[in-house]
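Notebook open, two chains to go through. I'll start with one helix, move on to the sheet, and finish with the other chain.

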Amino acid sequence: MDRVAIIGASMTQFGDRDAWVRELLAEAGEACLADAGVSPDEVDHLYVSNMASGEFEGQTGVPNALAHDLAAMPAYTARIDQTSSSGGAGVYAAWQSVASGASDVTLLVGGEKMTHRSTAEATDVIASLTHPVEYKHGVTLPSFAGLTARLYLDTYDAPRESLGKVAVKNHRNGLDNPHAQFRKEVDLDTVLESPVVADPLRLYDFCPITDGSAALLLCRESVAKEYTDDYAVVTGIGGATDTHVVHERADPTTMRGVVESSEIAYEMADRDPDDVDVAELHDMFTILEFLQSEDLGFFEKGEGWKAVEEGVTDRDGDLPINTSGGLKSKGHPLGASGVAQVYEIYKQVVGDAGPRQVEADVGLACNVGGFGNCVTTTILEGSA
Amino acid sequence: VSDDTTSAESSESPDTTSAESAGATGAGDDGPTMTAARYADGSITYPPHPLGPDGQEPVGTVDLSDYTAEVVTWTTSTATPPGVREPNSLAIVEFDVEGEPVRAIGQLTTDEVDIGDAVRPVYCEELRDPNAGIRERESQEWDGFRFEPL
């Protein structure tokens, strides 16, 4: 099978933006086409990863709007919503469109506009993904994080400080990301003394509310060279779901969607967890970096916290995690995040990550929706 | 859900009440219930699902409000959405229904609680303001059970 290549990538400034969702999507989409030197009329399929433009902004039909704004008609368009993992699901859809032969050139743009809403309103939009028996109790995604963090610390005898060190590390990495919402170092005391959000987790254990967009351009590997010498190959990709009702999981500290989706991706790529040189994980909450790093097979269950303590996941460690700064410092514009994760891995494996560059032939991105409800794991490798 | 007649009396022999309407609470003859579904393979889920872990329809219901539970984990959330009390203490609890574990999530009556504590469900007519959040009021129920330490 002809593999699928990524020949262009872009991301906008993440943060508190004046632009609305249409403008954010167009900004990333246009930059991505320019990055690859591809004209809009070459785009066969155009996918937009977005969770809630209707709920946030009252703007629906964004893929068609983007096609018009980019002069990409008559490209086939679709919106990919998988909540927080809309970006990863968009990568999957874009990969599928090229791998199947349905599209020669596919543009994927993920984006979300959120900061015009209050924290309470944005939290409610995101919490609307929950089951009625969860929603009526006021369960939010941050509260799932608090519930799981307490159980993790208790079960595996992990120190509270280890979670704080995830935030410290990812903020440090974000210093070198010009697109990050926060380019500000934080120390452990600041994290541990910040206001409680969902006990035992505090403000600095959580990603911010963010506006932003990111884009990728995909085609078959056999024609990638016609566009660029520096492309990445999607060597493995897998998607999976876990229970909608979070408390029904046998082990609340294991994300089965991460386990299942990564097993599919590893098998397709003929790779093992040990082969991964760099990873972008969905650190919407610090505890998620531990759960994913274990469920992806990087570390034994209950040992992920030790890797952070020992510096293994630092940028100069054996397995750098979230060199982009992660959702924690880069920000989390829902539909954009999974696309921006792959943007970072693409930059790493083609050797274009600037001051964030690490030695990386094989990179992995794990994008999580809900509280592990839906997951896409993508493995990229350089063309060299 | 007025057809849900599961009660303490009937819990010894699982009845065949339809779980289709299962939001969770039902106003039976003996008051509100915390309805879980029982499946042919012996498993029980809260909330009920059209098809259970065995891929089959439920064969009966269980009223979890007749049982006590143990706290699996808990949190106190201070960043709550519109219409939700602040702070909002929540727990995942595990019931033991004649040897079959069943988990549920719900508000706590207190934040003075620890993992492993025993709790019992206590009824609350309105867990959050149905008019304040994004969810359509008529699309679901808003009453339910909080967990109170024994």
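How many of the ten residues of helix H12 (residues 286–295) of chain A are buried? I note first that this is a predicted model. I went through H12(A) and found it mostly covered, with ten of its ten residues buried. The buried set includes hydrophobic-looking names such as A:Ile287, A:Leu288, A:Phe290 and A:Leu291. I also find A:Glu289, A:Gln292, A:Glu294 and A:Asp295 on that list. Buried here means under 20% relative accessible area. Just after H12(A) I looked at A:Gly297, whose phi is positive, near 90 degrees.

Next entry: the sheet.

I traced an open sheet of nine strands in chain A, in the order E3-E2-E4-E7-E1-E8-E11-E10-E9, and the pairing is mixed. Strand E3 (76–80) and strand E9 (278–281) of chain A sit at the edges with a single partner strand each, so one side of each has no neighbour in the sheet. From one strand to the next I get a twist that averages 25 degrees.

I then checked whether the faces of edge strand E9(A) are covered or not, and both are. A:Val278 and A:Glu280 are buried on one side, A:Ala279 and A:Leu281 on the other. That fits the usual pattern, in which side chains of a regular strand alternate between the two faces of the sheet. E9(A) pairs with E10(A) in the parallel sense, over four bridges, and I find A:Leu281 opposite A:Cys366 in E10(A).

Elsewhere in the sheet, I looked at strand E2 (residues 45–49) and strand E4 (residues 106–112) of chain A, which are parallel too, with five bridges between them. There A:Leu46 stands opposite A:Leu107 in E4(A).

Which helices lie on this sheet? I looked up two. Helix H11 (residues 256–269) of chain A packs on it, touching strand E8 (232–241), strand E10 (362–369) and strand E11 (374–382) of chain A. The direction of H11(A) makes about 150 degrees with that of E8(A). Helix H1 (residues 21–36) of chain A lies across strand E1 (4–11), E2, E4 and strand E7 (212–220) of chain A, at about 40 degrees to E7(A).

Last entry: chain B.

I count zero helices and nine strands in chain B. Of its 150 residues, 50% count as buried. Taking contacts in chain B between residues at least 6 apart in sequence, I see that 54% join residues at least 24 apart. Chain B exposes about 6,700 Å², and carbon and sulfur atoms supply 44% of that.

Notes:
Residues numbered from 1 in each chain as written. Chains lettered and ligands numbered in written order. Predicted model: local features only at pLDDT ≥ 70, side-chain atom pairs only at ≥ 80, totals over all residues. Heavy atoms only, no water. Pairing = 2+ DSSP bridges. Helix = DSSP H or I, 4+ residues; strand = E, 2+ residues; numbered from the N terminus. Axes fitted to C-alpha atoms, helices over the stretch in contact; angles between N-to-C directions. Contact = heavy atoms within 4.5 Å. Buried < 20%, exposed > 50% of the residue type's maximum accessible area, 1.4 Å probe, protein only. Areas by Shrake-Rupley, 256 points an atom, 1.4 Å probe, with all protein chains shown as cover.
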